[in-house]
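Work through the exercises below on charged side-chain pairs. Try each task before reading its solution.

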Amino acid sequence: MKRFTGFEHGMGIGGWLTNYKRFNVLPNDRRMLLTTGDMEHFASYITERDVAYIASLGMDHIRLGFDQLVIEEKPGVYREEIFGHIDRFIAWCEKYRLGIVLNMHKAIGNYCDIQEDVQLLDDEGLQCRFIDTWLAFEKRYAGKPEIVFELLNEVRNVDAELWRGLAERTRAAIRELNPTRRLIIGSVGWNNPPGLPLLRVWEDENVIYTFHIYAPHEFTHQRGVLQPTQCFYNREMPYPCDIKRYREYFKEVAGRDDAYQEFERMDIGFMRAAMQPAVDFVKEHPDKILWCGEFGTIRHANIRWRENWMRDVITILKENDIPYCVWNYLSNPYDGNRFSLVDDDRREILSDELARIIRGEV
């Protein structure tokens with residue numbers, strides 16, 4: 001399998017230029033507006049110290065999420081102040097020898113955790129703005145071929161053909177400016193493994209493919225405030241665990257009596273089944289790169305349970321030579337599903353064992 005050199009084990013940064021507000025609590029007419037407080041947050045939340053610390057943990061790259069509305073003042077006009085923050089972030093990564101993935105985490109018309117009136121894949125104007133935003137990034141960073149562009153995080157459960165079409169239009173537009181820019185493209189269904197067979201596979205050696213793994217959501221998102229069922233059921237769940245003990249919970253979440261009936265335990269065997277589409281993709285496309293761009297557990301879960309789950313996921317990834325990027329360095333108060341790997345106040349890794357695991361020492 002081809003190697004994603006320099007991008008073997010990384011860490012994502014959210015909550016800075018993405019996920020910095022919970023839009024579902026804002027009136028519709030205020031969701032797309034930035035305030036003085038927002039701009040102060042962008043200027044101060046992540047510093048060189050954070051990038052240096054991520055490097056000190058043994059990570060080799062950072063996936064930086066940004067939202068289209070943060071970078072785009074209006075169609076075709078981009079905020080120089082925000083680009084300046086990204087410029088400084090890139091310089092810090094270069095200083096500490098970290099690879100860089102720039103990820104459009106939320107595009108206008110594709111916010112993975114709220115329903116919008118106008119959908120990206122239904123609106124030609126939004127699609128043109130999406131492409132133009134990426135062209136602005138290519139023009140700005142044309143002299144930095146080492147930066148990787150990830151076109152869009154977690155496309156919702158929409159018509160796969162529509163997303164394949166927009167992905168191709170975006171790829172083709174970037175290729176007119178830069179034939180060799182490395183691009184990361186995922187599938188529909190929030191990038192979950194079952195969406196991998198729906199991905200278009202290009203005859204383009206500079207396209208990298210991606211998926212996310214959060215199975216089982218009942219564990220990774222336990223007592224999460226954004227998931228109605230987990231919030232309602234309000235139950236802690238260890239990992240690994242005996243599924244029989246949680247059968248009622250699974251029934252409540254899945255809405256069916258036979259949820260996970262084929263498994264006796266929630267353990268590495270369960271995770272192998274959940275990640276099988278990724279393993280199949282690697283076997284079917286040995287000349288392509290598959291990168292697991294996001295996986296993690298909600299921060300209030302017991303740290304030992306989190307370590308156990310992360311260990312199993314990374315074990316499976318390494319068995320199949322799949323590079324990865326863990327989610328998430330740090331959470332801010334507006335991040336409803338806080339997946340921090342560090343203490344949000346001290347900004348230090350939550351345990352030495354967790355640091356060892358995410359470096360791939362499993």
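**Exercise 1.** Which residues are linked in a network of salt bridges?

Solution. Apply the criterion: a side-chain nitrogen of Lys or Arg within 4 Å of a carboxyl oxygen of Asp or Glu. The linked residues are Glu168, Arg171, Arg175, Arg200 and Asp204. By this rule the count comes to 28 salt bridges. The model is predicted: local features need pLDDT of at least 70, side-chain atom pairs count only at pLDDT 80 or more, and totals for chains, interfaces and linings use all residues. Residues are numbered from 1 along each chain as its sequence is written, and side-chain values use heavy atoms, with hydrogens and water left out.

**Exercise 2.** Find what arginine 140 pairs with, and place both partners.

Solution. The partner is glutamate 80; the closest N and O atoms are 2.8 Å apart. Arginine 140 sits in helix 5 (residues 124-140), glutamate 80 in helix 4 (residues 80-95), so the pair ties together parts 60 residues apart in sequence. Helices here are DSSP runs (H or I, at least four residues), numbered from the N terminus.

**Exercise 3.** Treat arginine 311 and glutamate 353 likewise, then classify their exposure.

Solution. Their side chains form a salt bridge, 2.9 Å from N to O. Arginine 311 belongs to helix 12 (residues 303-319) and glutamate 353 to helix 13 (residues 352-358), so this pair ties together parts 42 residues apart in sequence. Now exposure. Partly exposed lies between buried (under 20% relative accessible area) and exposed (over 50%), with a 1.4 Å probe and protein chains only. Arginine 311, at 24%, is partly exposed. Glutamate 353, at 26%, is partly exposed too.

Technical notes. Helices (H or I, at least four residues) and strands (E, at least two) are DSSP runs, numbered from the N terminus.
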